[in-house]
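Dear colleague,

Please find below the structure that I promised to hand over to you. I suggest that you keep it open beside this message while you read my notes.

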Amino acid sequence: MQRRPVPRTTYYCSFCGKSQDQVERLIAGPNGVYVCNECVATFSKADQTPQKERGLRCSFCGKNQRQVEQMTGGPRGVTICSECIELCEEIIAEEMQNRAQQRATKEKPEE
Ligand SMILES: [Zn+2]
Ligand SMILES: [Zn+2]
């Protein structure tokens, strides 16, 4: 009997199109939208220019433009609001910290 490797689904950032292997972290939203850490970093530094009201809804949390400070649009109609960008930044920062800690405490078993 041969054990086949389980086919792994590759996910792509809905904004820049990079695959999960090309970026440090890909954060999944609902409805199959993804944003990578690179896009989060870019969006968080972007100018806070209010976009024209176009009835956009955040692809991640579903809020509309009026409920959030800023909405960043990507290709294929995906959008992310400033609140979700902030949340993603927190997730990424936390994971980086965890990873650094794991590396530091690798010798000692966790309690
Ligand atoms: Zn991206
Ligand atoms: Zn949002």
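**How the first helix packs**

In this model, which is a predicted one, the buried residues of H1 pack against strand E2, strand E3 (71-73), strand E4 and helix H2. Those buried residues are Asn37, Cys39, Val40 and Phe43, and they lie on the same side of H1, because the arc that they cover around its axis is only 155°. It may help to recall that an α-helix has 3.6 residues a turn, so residues three or four places apart point the same way.

**The chain as a whole**

Stepping back from H1, you will find that the protein chain contains 2 helices and 4 strands, and that these follow the pattern β-β-α-β-β-α when the chain is read along its sequence. The protein chain has 111 residues, of which 23% are buried. If you take the contacts in the protein chain between residues at least 6 apart in sequence, 31% of them join residues that are at least 24 apart.

**The nonpolar core**

Which residues have the most contacts inside the largest nonpolar core? That core is made of 20 residues, and the ones with the most contacts inside it are Cys13, Val35, Cys39, Ile80 and Cys84. At least two residues of this core come from each of strand E1 (26-28), strand E2 (34-36), helix H1 (37-45), strand E4 (79-81) and helix H2 (82-104). Cys13 is a good residue to look at here: if residues up to four places away in sequence are not counted, Cys13 touches Lys18, Val23, Leu26, Tyr34, Val35, Cys36 and Cys39.

**The two helices together**

Two packed helices are described by the angle between their axes and the distance between the axes. For H1 and H2, the axes come within 10 Å and cross at roughly 130°, and the two helices are therefore oblique to each other. The crossing of H1 and H2 is left-handed. Where they meet, H1 brings Asn37, Val40, Phe43 and Ser44, while H2 brings Ile85, Cys88, Glu89 and Ile92.

Is Glu89, which lies in helix H2, partly exposed or buried? Glu89 counts as partly exposed, because it has 16 C-beta neighbours inside 10 Å, whereas a buried residue would need 20 or more. Leaving aside its neighbours within four places in sequence, Glu89 is in contact with Val40 and Ser44. Glu89 and Ala41 are 48 residues apart in sequence, and yet their C-alpha atoms are 7.5 Å apart in space.

**Three exposed residues**

Asp21 lies in the segment before E1, and it is exposed, with 10 other C-beta atoms within 10 Å. From C-alpha to C-alpha, Asp21 and Thr10 are 8.1 Å apart in space, and they are 11 residues apart in sequence.

The remaining two residues are worth a look for their backbone angles. Most residues other than glycine have a negative phi. Asn31, although it is not a glycine, has a positive phi of about 60°, and Arg76, also a residue other than glycine, has a positive phi near 60°. Where in the chain do you find Asn31 and Arg76? Asn31 lies in the loop between E1 and E2, whereas Arg76 has its place in the loop between E3 and E4. Asn31 is exposed, with 10 other C-beta atoms within 10 Å, and Arg76 likewise counts as exposed, with 10 C-beta neighbours inside 10 Å.

With kind regards

Definitions and conventions
Residues numbered from 1 in each chain as written. Chains lettered and ligands numbered in written order. Predicted model: local features only at pLDDT ≥ 70, side-chain atom pairs only at ≥ 80, totals over all residues. Core = buried A, V, L, I, M, F, W, Y, C linked by C-beta atoms within 7 Å. Buried ≥ 20, exposed ≤ 12 C-beta atoms within 10 Å, placed from the backbone. Contact = placed C-beta atoms within 7 Å. Arc of directions from axis to C-beta. Axes fitted to C-alpha atoms, helices over the stretch in contact; angles between N-to-C directions. Parallel < 35°, antiparallel > 145°, perpendicular 65-115°, else oblique. Left-handed = near helix turned anticlockwise from the far one by under 90°.
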